[in-house]
Amino acid sequence: MNHDLLAALILGALEGFTEFLPVSSTGHLILAGDLLGFQTELGKLFEIVIQLGAILAVVVFFFPRLWSVLVGLPGDPLAWRFAWAVILAFLPAAVLGALFHNFIKTVLFSPAVVVTTLVLGGIAILLIERLAPRPRYEAIETLPMTTALGIGFCQAVAMIPGVSRAGATILGAELLGVDRRVATEFSFYLAIPTMLGATVLDLWKTRAALDQEGVVLIAIGFVTAFVVAIPVVRGLIGFVGRHGLTPFAWYRIALGLAWGAWLLYSG
């Protein structure tokens with residue numbers, strides 16, 4: 001099998017499995033892409049665009065809820081609150097991502113950054129899970145707009161590879177008094193505009209790197225990510241509600257230390 005085709009399948013499956021876990025899908029793709037020799041300009045674009053495959057799984061799984069919000073927007077106050085919460089939470093990443101896109105892609109997309117943030121993020125999860133206040137908000141429609149905006153700024157931190165968009169969003173929401181299950185669900189909905197915006201921006205910025213082979217590889221990764229993400233979306237809310245994020249914290253720390261040791265040894 002062609003090396004790049006195999007890499008596209010592996011990275012697509014890895015993306016689908018990790019996108020909604022608080023372990024950083026982008027960090028995993030950078031590490032795996034480095035291992036597979038797929039860290040070209042096309043590889044960096046691939047890592048962003050295939051995330052839409054995982055996001056499509058959210059749209060499919062939560063379609064009844066999303067559709068009810070859409071049809072309720074003309075006159076349903078709860079639908080408007082839901083929509084505004086997602087829009088406000090999306091804005092910080094949209095603005096900061098546009099401003100710092102080049103710096104993030106050229107400076108921060110490296111294995112050294114990822115292993116550092118994996119370990120620090122794991123430690124942060126362990127601390128925040130202990131310090132988070134009792135939840136005050138148990139439905140997305142009850143979130144104050146300032147809380148939604150605060151969650152958005154937490155998500156923006158995840159533009160640093162290895163931080164984890166899902167982890168930053170869920171933990172930030174918990175610190176702001178949101179129930180853990182609601183925070184996890186909100187993270188799913190917030191991923192839709194965030195990753196769509198990131199993909200459009202990346203496609204425009206790196207459109208010169210695309211050729212026919214690149215389009216095929218991205219399509220393979222996209223479909224693979226979608227198929228693998230569906231069972232993850234189905235099971236994650238229940239798992240996090242029962243066990244919290246602590247298991248993912250230990251995984252992050254172990255992976256970061258192990259990969260960091262390997263980088264030192266191989267470098």
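**Exercise 1.** In this predicted model, how are helix 11 and helix 12 oriented to each other, roughly parallel or roughly perpendicular?

*Solution.* Begin with the geometry: helix 11 (residues 212–243) and helix 12 (residues 246–266) pack at an angle of about 95 degrees, and their axes are 9 Å apart. Angles of 65 to 115 degrees count as roughly perpendicular, and helix 11 and helix 12 are therefore roughly perpendicular to each other. As a last step, identify the residues that make the contact, which are L236, F239, V240 and H243 on the side of helix 11 and T246, P247 and F248 on the side of helix 12.

**Exercise 2.** Determine which parts of the chain are tied together by the salt bridge between E185 and R65, and classify the burial of E185.

*Solution.* The side chains of E185 and R65 meet with an N to O distance of 2.8 Å. E185 belongs to helix 10 (residues 180–205) and R65 to helix 5 (residues 63–72), so the pair ties together parts that are 120 residues apart in sequence. Buried means under 20% relative accessible area, and E185, at 18% relative accessibility, therefore counts as buried, while R65, with a relative accessible area of 23%, is partly exposed.

**Exercise 3.** Describe the salt bridge between E19 and R165.

*Solution.* The closest N and O atoms of E19 and R165 are 3.8 Å apart. E19 sits in the loop between helix 1 (3–18) and helix 2 (25–36), whereas R165 is in helix 9 (residues 165–175), and the two are 146 residues apart. Finally, both E19 and R165 are buried.

Terms used
Residues numbered from 1 in each chain as written. Predicted model: local features only at pLDDT ≥ 70, side-chain atom pairs only at ≥ 80, totals over all residues. Heavy atoms only, no water. Axes fitted to C-alpha atoms, helices over the stretch in contact; angles between N-to-C directions. Helix = DSSP H or I, 4+ residues; strand = E, 2+ residues; numbered from the N terminus. Parallel < 35°, antiparallel > 145°, perpendicular 65-115°, else oblique. Contact = heavy atoms within 4.5 Å. Salt bridge = Lys/Arg side-chain N within 4 Å of Asp/Glu carboxyl O. Buried < 20%, exposed > 50% of the residue type's maximum accessible area, 1.4 Å probe, protein only.
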